[in-house]
Amino acid sequence: MDGILSDKVVVLLSEENIWKRIFGLDAQTLFDTCITLAAMLVLFMLLSYFLFNPARNLINKRKELIENQMREAENQKKEADAYKAEYDSKLKNVAAEAGELMDKAKNRARKQESEIISEAKEEAGRIVKRAEKEAALEKSKAVDGMKQEIISVASLMAQKVVSETMDESKQNELLEAALKEMGEDTWQN
């Protein structure tokens, strides 16, 4: 039993040393711990200055850029909505304006139509009057021509008849008397 007991005491003593060593801080361990903590603090400060601050600045700049882009997008959306509203109102007005333009065009066409018709009627009236004047002129020319022809035929016939019995002065008197008896109305019909 003694051997077992002595083994147990040795094990307990070695276990106590382990626990003492774990919680027993000696000067070297404290010094190493302080140096490690100081090194970590310096390393954290250096990393903060050279890595974290630039990264934080980059993140802030990116955040500002995104906010600016969001504001610009919002402004552009508002502008687009305003343009859309303006476009919609103009589109509504276009139909009304198109109707007005069509009405104006129809009215102008009707006015031009009536002007053209009245001009055509006036021109037709002028043509008819000119034709009537020309017809009257031709009629008077024909009447004059017939008078002259009848006179010349009658004078030839009378000359032949009278030449045998009458002289020229007597012949002219008879011709004038015959013409007066017949009158102007006979020749114009």
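1. The side chains of Arg-126 and Glu-123 meet in a salt bridge, with an N to O distance of 2.5 Å. These coordinates belong to a predicted model, and the distance is to be read in that light. Arg-126 and Glu-123 are separated by about one helical turn, because they stand three residues apart in helix H2. As for exposure, Arg-126 has a relative accessible area of 43% and is partly exposed, while Glu-123, with a relative accessible area of 33%, is also partly exposed.

2. How many salt bridges does the count come to? The count comes to four salt bridges, among them the pair just described between Arg-126 and Glu-123. In general terms, side chains of opposite charge can pair when their charged atoms come close.

3. Another salt bridge joins the side chains of Lys-90 and Glu-86, at 3.1 Å from N to O. Both Lys-90 and Glu-86 lie in helix H2, where they are four residues apart, or about one turn of the helix. Lys-90 counts as partly exposed at 48% relative accessibility, and Glu-86 is partly exposed as well, its relative accessible area being 37%.

4. The side chains of Asp-81 and Lys-77 also meet in a salt bridge, for which the N to O distance is 4.0 Å. This value deserves a careful reading, because the criterion asks for a side-chain nitrogen within 4 Å of a carboxyl oxygen. Asp-81 and Lys-77 are four residues apart in helix H2, which spans residues 27-165, so that about one helical turn separates them. Asp-81 counts as partly exposed, at 43% relative accessibility.

5. Turning to the aromatic residues, the count comes to two aromatic pairs. In one of them, Phe-44 and Phe-52 are tilted, with 6.0 Å from centre to centre and 50 degrees between the planes. The label tilted follows because planes under 30 degrees apart would count as stacked and those over 60 as edge-to-face. Tyr-49 and Phe-50 form an edge-to-face pair, with 4.9 Å from centre to centre and 85 degrees between the planes.

6. Are Tyr-49 and Phe-50 buried or exposed? Tyr-49 is exposed, and Phe-50 is exposed too. Phe-52, by contrast, is partly exposed, because its relative accessible area of 33% falls between the limits of 20% and 50%.

7. Phe-44, which lies in helix H2, and Phe-52 both contribute to a nonpolar surface patch of about 680 Å². The other residues that make this patch are Leu-41, Leu-43, Met-45, Leu-47 and Leu-51. The tilted aromatic pair of Phe-44 and Phe-52 is thus made by two residues of the patch.

8. Ser-48 also lies in helix H2, and its relative accessible area is 19%, so the residue is classed as buried. Because the limit for buried is under 20%, the assignment of Ser-48 at 19% should be quoted together with its value. With neighbours within four places in sequence left aside, Ser-48 is in contact with Asn-53 and Pro-54.

9. A final point concerns confidence. The protein chain has a mean pLDDT of 80, and 78% of its residues reach 70 or more. Which helix has the lowest confidence, and which the highest? Confidence in the protein chain is lowest in helix H1, residues 2-23, where the mean is 53, and highest in H2, at 86. The salt bridge between Lys-90 and Glu-86, for example, lies within H2.

Conventions: Residues numbered from 1 in each chain as written. Heavy atoms only, no water. Phe/Tyr/Trp six-rings, centres within 6.5 Å; stacked < 30°, edge-to-face > 60°. Buried < 20%, exposed > 50% of the residue type's maximum accessible area, 1.4 Å probe, protein only. Helix = DSSP H or I, 4+ residues; strand = E, 2+ residues; numbered from the N terminus. Patch = residues over 30% accessible without salt bridge, like charges linked within 9 Å, V, L, I, M, F, W, Y side chains within 5 Å. Areas by Shrake-Rupley, 256 points an atom, 1.4 Å probe, with all protein chains shown as cover. pLDDT = per-residue confidence, 0-100. Contact = heavy atoms within 4.5 Å.
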